[in-house]
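Visitor: I would like to understand how the words used for a structure are justified. Could you take me through some of them, step by step?

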There are 2 protein chains.
Amino acid sequence: MAGGASEPGRSVLDRALAVLGSFSDERPEQTLGQIVAATGLAAATVHRLVAELVAWGALERPGRGRYRIGIRLWQIGALAPLARDLRDAALPFLQDLGAVTGQVVHLVVLDGHQALFLERLPGHAEVTVRSRVGRRMPAHASGPGKVLLAYAPPAFVAEVVARGLPRMAAGTITDPHELAVALAEVRRAGYCLSRDEMTDGAASVAAPIIGPSGDVVASVSVVVPSSTENLQPLVPAVRLTAAAVGRALIPGVDVPLSARNS
Amino acid sequence: MAGGASEPGRSVLDRALAVLGSFSDERPEQTLGQIVAATGLAAATVHRLVAELVAWGALERPGRGRYRIGIRLWQIGALAPLARDLRDAALPFLQDLGAVTGQVVHLVVLDGHQALFLERLPGHAEVTVRSRVGRRMPAHASGPGKVLLAYAPPAFVAEVVARGLPRMAAGTITDPHELAVALAEVRRAGYCLSRDEMTDGAASVAAPIIGPSGDVVASVSVVVPSSTENLQPLVPAVRLTAAAVGRALIPGVDVPLSARNS
């Protein structure tokens with residue numbers, strides 16, 4: 001985000017977007033100084049941009065010198081088709097899966113080379129997991145992420161591997177060959193079992209959601225304690241949920257995941 | 001949104017925000033020509049801004065000449081504290097309410113002078129309602145909206161009345177005195193019953209969510225067919241849900257609704 005950000009050729013809009021992009025799940029609230037440090041922009045520039053963003057409602061100022069994303073930007077963002085159409089179609093079935101299993105349920109898509117949590121429904125006796133709506137995680141390090149990689153073009157998977165396979169937990173697959181074997185197994189079985197890959201202590205069952213075009217557009221997963229010996233009883237429930245969501249997607253609703261990944 | 005938008009003194013950022021703000025629930029996808037018409041900006045200006053917004057991911061181009069909000073903007077918007085903290089706290093209890101009643105459940109806040117749907121969980125035998133996550137509706141024309149008005153400062157309610165009380169359905173309260181009586185009744189009872197106010201055929205039971213500061217920060221409602229003769233059996237469930245959400249809100253999490261409304 002930093003690095004050359006203050007280059008003279010950079011446009012005003014580009015600088016303003018860098019200010020917005022400096023907010024993250026780890027830093028949802030920032031001071032002017034933090035925004036300056038994160039963007040590499042001049043303090044006077046940040047001061048002026050932030051004032052305009054606050055005036056419009058893209059940022060809010062909860063206290064003096066502190067800034068966070070405003071409800072108006074949330075509202076505009078909620079118009080994104082993935083958030084609207086895919087989530088709207090999926091939510092009833094995700095709720096049913098949550099009600100039947102009592103566990104955390106995730107709806108995940110690829111965003112760039114990472115897995116993005118589009119929805120997360122809380123479970124009852126909840127496993128502590130790292131997920132949060134809007135959070136991105138390495139795609140190789142979770143069941144729903146591996147499902148998306150399994151059906152992505154090989155060149156895309158090669159790019160993910162080239163960027164590195166960081167260890168997130170004791171069971172994370174960090175070896176490219178091991179990942180290739182795992183993805184082939186997902187394609188063969190049509191689902192994915194994971195243990196201690198994203199979070200120590202959590203296991204998951206994940207399955208692909210196939211859109212009207214025949215492409216995998218998202219994945220759904222249910223999270224259980226990794227002490228659960230047999231994950232197989234959850235497989236039909238997760239696969240049926242994924243199938244139901246796929247059937248509910250309206251043909252012609254263009255969920256441009258395969259396009260972005262190719 | 002239009003009107004004076006192309007005035008020379010308008011900043012680049014202001015113009016770019018006008019482009020983003022031209023997208024709405026009614027127009028989630030627009031052509032360049034529609035954006036030009038909605039913003040009042042010059043076509044060349046819109047062309048250049050849109051290209052920058054697409055490059056950053058704030059907009060996506062699903063087909064030639066068509067634009068919509070991109071997943072990156074959704075992700076940044078999801079960092080807004082109302083979306084994160086309030087929704088995270090509320091979701092388990094909203095799910096329980098949905099499971100127990102089988103009906104549509106809403107989480108609503110005030111945004112400006114309107115009611116904003118922060119969450120909407122689908123019901124089983126679903127009543128057709130106008131709600132959608134991120135959609136704004138006149139605050140006087142629904143149960144959760146009236147609950148928020150009932151606990152808002154009188155000056156704010158006066159502003160809402162001054163802006164007009166449009167009829168949305170057969171039962172919408174359009175008379176200022178009648179509205180004042182209804183709001184007083186909400187304060188007395190601690191909940192709100194509505195019939196055919198936002199949508200013909202839909203009734204609702206709504207209750208206030210009181211934050212750690214003692215202020216009403218949001219409202220929760222359940223929607224049933226307006227043919228339901230007795231709404232009273234739903235009242236304890238909705239009020240208990242609102243109370244549970246209020247207890248789950250972390251003290252110090254600043255939900256700046258009362259500030260914005262005062």
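Guide: Let us start with how the copies meet in this predicted model: 100% of the interface residues of chain B are also interface residues in chain A, so the two copies meet through the same surface. In residues, 59 of chain B are in contact with 59 of chain A.

Visitor: What makes the relation between chain B and chain A that of a two-fold axis?

Guide: A rotation of 180 degrees, with 0.0 Å of shift along its axis, superposes chain B on chain A with an RMSD of 0.1 Å. That is the relation of a two-fold axis.

Visitor: How much area do chain B and chain A bury between them?

Guide: The two chains bury about 5,100 Å², and 62% of it lies on carbon and sulfur atoms. L13(B), I71(B) and W74(B) supply 14% of the area that chain B buries against chain A, which is more than any other three residues.

Visitor: Why is the pair D25(A) and R84(B) called a salt bridge?

Guide: Side chains of opposite charge can pair when their charged atoms come close. The cut-off for a salt bridge is 4 Å between the side-chain nitrogen and the carboxyl oxygen, and the closest N and O atoms of D25(A) and R84(B) are 2.6 Å apart, so this pair satisfies the definition. Between chain B and chain A the count is eight salt bridges.

Visitor: What links D88(B) and R132(A), and where do the two residues lie?

Guide: Their side chains meet in a salt bridge, at 2.8 Å from N to O. The pair crosses between chains, from helix α5 of chain B, where D88(B) lies, to the loop between β5 and β6 of chain A, which holds R132(A).

Visitor: Why is D88(B) called partly exposed?

Guide: The relative accessible area of D88(B) is 35%, and partly exposed covers the range between under 20%, which is buried, and over 50%, which is exposed, so D88(B) is partly exposed.

Visitor: Is R68(A) buried or exposed, and how do you know?

Guide: R68(A) has 4% relative accessibility, and buried means under 20%, so R68(A) counts as buried. R68(A) also forms a salt bridge with E29(A), their closest N and O atoms being 4.0 Å apart. That pair links distant parts of the chain, with E29(A) in strand β1 and R68(A) in strand β3, 39 residues apart. At 30% relative accessibility, E29(A) counts as partly exposed.

Note on methods
Residues are numbered from 1 along each chain as its sequence is written. Chains are lettered from A and ligands numbered from 1 in the order in which they are written. This is a predicted model: local features need pLDDT of at least 70, side-chain atom pairs count only at pLDDT 80 or more; totals for chains, interfaces and linings use all residues. Side-chain values use heavy atoms; hydrogens and water are left out. Copies are superposed by least squares on the C-alpha atoms of residues with pLDDT of at least 70 in both. Contact means heavy atoms within 4.5 Å. Buried area is the accessible area (1.4 Å probe) that two parts lose on being put together, summed over both. Helices (H or I, at least four residues) and strands (E, at least two) are DSSP runs, numbered from the N terminus. Buried means under 20% relative accessible area, exposed over 50%, partly exposed in between (1.4 Å probe, protein chains only).
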